[in-house]
Amino acid sequence: MMDKNAFHDILEFVIKRLATTMAVAIVVAAITSLTAQATPTASNQNAPGLADTPGSKASIAASDKTLTEGSLKLQDGLALLDSSVLLKVYYYAYSGAPVDYSEILTENTENIIQPNPVQASNEQKKVIDRLIQIAKTKPDLLIKVDDIALDSYDKTSRSFPVVNRLFMKGARFYFDNSRYHYHYSDASAFGALRCADSKTIAAINSSVANYEHFSMDIVAHVNHAVAKEDTLVIDLHKVTLKDSSGHLLITQVKP
């Protein structure tokens, strides 16, 4: 007959093992669930989104009291479009719609409780009015985009297909979660990046094989704005593809 103390020890050991096994199972199940949710499907990989970020999420803070005319930065004569404030400034510059200063200064987030509308001071209104006037004289834009995915080189088209949503027809872009967007009028012209240099092709193919992403400088021109859609329409002129270290790989100009 088994000793009572020995039986108690065995029972305690079994209970501990069961508890450990169940805990591990729960953790594994949770990780599996999270992984399944995070795995992109074919549909959300390929379908153009209506509110995609353009790559950089940097934006001027809604209550930024340092907003000045210098907030619209120039690089090689091009206006750097890199914030929600500037996107709204350009929208009002080209739409002809009455300027909503509070909309420009209030950052729209994805939080359930939205931030309180920012009431623009007289000084801020003057700065915004001046920025709008500058935007009207600076229709040529520079947009910097990160996290660009490419497919390996296609010998038939002699180009690298751009496999993310950047140049898909109908894709619209924003910097915060507001209704103000921009989209490219001729995105299909840059859906594949042509390349004939064997060394560049080999270098890009190697990066693609290692799942490395690229950055891109986009030169574009404001065409017009659609007031009823709160959208800025932009014509593409040139794109420059760079590797993760910023080295130039491909420059492609619209035909």
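Trainee: Leaving aside its neighbours within four places in sequence, which residues is Asp186 in contact with?

Mentor: Keep in mind that this is a predicted model. Asp186 sits in the loop between strand S5 (181-184) and strand S6 (192-194). With neighbours within four places in sequence set aside, its contacts are Ile234, Asp235, Leu236 and Lys254.

Trainee: Which side chain makes a polar contact with the side chain of Asp186?

Mentor: Lys254 is among the residues in contact with Asp186. The two side chains also make a polar contact, at 2.3 Å. The partner is Lys254.

Trainee: Is Asp186 buried or exposed?

Mentor: Its relative accessible area is 11%. Buried means under 20%. Asp186 is therefore buried.

Trainee: What share of the 255 residues in the chain is buried?

Mentor: Start with the architecture: the chain has 6 helices and 9 strands. Its accessible surface comes to about 14,900 Å², with 56% belonging to carbon and sulfur atoms. Of the 255 residues, the buried share is 39%.

Trainee: Which helix gives the most to the largest nonpolar core?

Mentor: That core has 60 residues. Those with the most contacts inside it include Leu81, Phe167 and Tyr184. The top contributor, with 8 residues, spans residues 84-95: helix H3.

Trainee: How is the aromatic pair of Tyr90 and Tyr94 classed: stacked or edge-to-face?

Mentor: The chain has 11 aromatic pairs. In the pair of Tyr90 and Tyr94, the ring centres are 6.1 Å apart, with 5° between the planes. Planes under 30 degrees apart count as stacked, so this pair is stacked.

Trainee: Where do Tyr90 and Tyr94 lie, and why does Tyr94 count as partly exposed?

Mentor: Tyr90 and Tyr94 are 4 residues apart, about one turn of the helix, and that helix is H3. Tyr90 is buried, at a relative accessible area of 1%. Partly exposed runs between 20% and 50%, and Tyr94 counts as partly exposed because its relative accessibility is 22%.

Trainee: What is the angle between the planes of Phe167 and Tyr184?

Mentor: Phe167 and Tyr184 form a tilted aromatic pair, 6.0 Å centre to centre. The pair links distant parts of the chain, 17 residues apart: Phe167 is in the loop between strand S4 (159-161) and S5, and Tyr184 is in strand S5. Both residues are buried. The angle between their planes is 55°.

Trainee: Which residues form one aromatic cluster with Phe167 and Tyr184?

Mentor: Phe167 has many contacts beyond its neighbours within four places in sequence, among them Tyr184, Phe190 and Leu236. Phe190 also belongs to the cluster. Besides Phe167 and Tyr184, the cluster holds Phe173, Phe175, Tyr182 and Phe190.

How values were computed
Residues numbered from 1 in each chain as written. Predicted model: local features only at pLDDT ≥ 70, side-chain atom pairs only at ≥ 80, totals over all residues. Heavy atoms only, no water. Helix = DSSP H or I, 4+ residues; strand = E, 2+ residues; numbered from the N terminus. Buried < 20%, exposed > 50% of the residue type's maximum accessible area, 1.4 Å probe, protein only. Polar contact = N/O pair within 3.5 Å; in protein donor to acceptor, adjacent residues only side chain to side chain. Contact = heavy atoms within 4.5 Å. Core = buried A, V, L, I, M, F, W, Y, C linked by side-chain atoms within 4.5 Å. Areas by Shrake-Rupley, 256 points an atom, 1.4 Å probe, with all protein chains shown as cover. Phe/Tyr/Trp six-rings, centres within 6.5 Å; stacked < 30°, edge-to-face > 60°.
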